[in-house]
Amino acid sequence: MSAIDFASIKAGDVLPSKSLAVSQQLINEYADICGDYNSIHVDVEGMKNNPMFGGSTIAHGTINVEPVIQALCAIEGVLWPVEGTKVDLQFRAPVKPGFVIASNLVVKDKKTEGGKNILICDMKIQNQQGGDCVMGSAEIVIP
Amino acid sequence: MEKKFNTSLVTNFGPDKLLPDLKFAEMEPGWDCGGGTYKITKEEVDKFAKLMGDANKGEVTVPIGMIYIFGLRICWDRKVFIDGAVRAGDKIVFHKPAKIGDTITTKLSVADKKEVKKEKDGKVRINKFLYVDMNATNQNNEKIVDIQMSFLLPATMQ
């Protein structure tokens, strides 16, 4: 069941958030699942001498998106986003080991279309210092 | 680090000519980049859910994050990620849930391209963007998820 009462929600409301603590171990185990062993993700020693990301490895882009995917499921009260749910995102800054990243969804508008109740939201994924790692928008179908 | 990825999980298919073999002018909408097929097991779902703190612990539904990363695995196999290209963003539309044991097929194709003129410090630069569709369906040909990835291509791209 959805955690949201569509009738009472209004522009400016902040939706429930999900967060993820990113460590090198998490990145390594993620590589074992997806098979992406690009050195920018897993070569800790090699990246120390590489100025590209300040001497650090960075997380896979899909790790950066994980908090918002989990937040969508929690908001909609489902294990898979409801059919018709949309996310439009731009990658803004890399996520590094030691970051705690969290979704930030703020209601901009709402509509009922084709029998579906939809929240239109501004979306961000930020690190623990409030830096924007991912920005965009989401249309969340409330069942 | 020791690589533990089980490459037999994913098979890929498609034309011999790959995206990096093309010039920008040849990257026409509809160009077939190929695709791949995979089946996600309960063991893989449990491993992913535990790692990501996902609420979906070995239930029937596959976490969408797994469809995402297996799709990207196929992108690597089909060389969709051009050397020096920067992944700028994704547009995602969710359809029917993927279930454990489903055979998922991901197809990749060029969706669009554009050139954007940018002026900085009196210098004009043309940024080349490429959009690639990643469409996943199950064994019944039902849509699972559609993702459109956008890339900023390297300045050296002809």
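This is a short tour of the place where chains A and B meet, in a model that is predicted.

**Stop 1: the contact.** Colour the two chains differently and go to where they touch. Chain B puts 34 residues into the contact, and chain A puts in 30. On chain B's side, the elements that give two or more residues are α1 (42-52), α2 (64-77) and β3 (86-94). Which of them gives the largest share? That's β3(B), with eight residues. Sorted by class, chain B's side has 16 nonpolar, 11 charged and seven polar residues.

**Stop 2: the strands.** Stay with β3(B) and add strand β2 of chain A, residues 86-91. The two strands run antiparallel, and five bridges join them. To see a pair up close, pick Gln90(A) and look across to its bridge partner in β3(B), Gly89(B).

**Stop 3: the helix.** Now select α1(B), residues 42-52. Show the side chains of Val45(B), Phe48(B) and Met52(B), the buried residues of this helix. Why are they on the same side of α1(B)? Because they cover an arc of only 70° around the axis. An α-helix has 3.6 residues a turn, so residues three or four places apart point the same way.

Next, spin the view to the other side of α1(B), where you'll find Glu43(B) and Lys50(B), both exposed.

**Stop 4: the cover.** What lies over the buried residues of α1(B)? Both chains help out: the cover includes β1 (19-21), α1 (24-34) and α4 (61-76) of chain A, along with α2 of chain B.

**Last stop.** Click on Gly53(B), just after α1(B): its phi is positive, at about 65°.

Conventions
Residues are numbered from 1 along each chain as its sequence is written. Chains are lettered from A and ligands numbered from 1 in the order in which they are written. This is a predicted model: local features need pLDDT of at least 70, side-chain atom pairs count only at pLDDT 80 or more; totals for chains, interfaces and linings use all residues. Two residues are in contact if their C-beta atoms, placed from the backbone, lie within 7 Å. Helices (H or I, at least four residues) and strands (E, at least two) are DSSP runs, numbered from the N terminus. Ala, Val, Leu, Ile, Met, Phe, Trp, Tyr, Cys and Pro count as nonpolar, Asp, Glu, Lys and Arg as charged, and the others, Gly among them, as polar. Two strands pair if DSSP finds at least two bridges between them. A residue is buried if 20 or more other C-beta atoms lie within 10 Å of its own, exposed if 12 or fewer, and partly exposed in between; C-beta atoms are placed from the backbone. The arc is that of the directions from the helix axis to the C-beta atoms.
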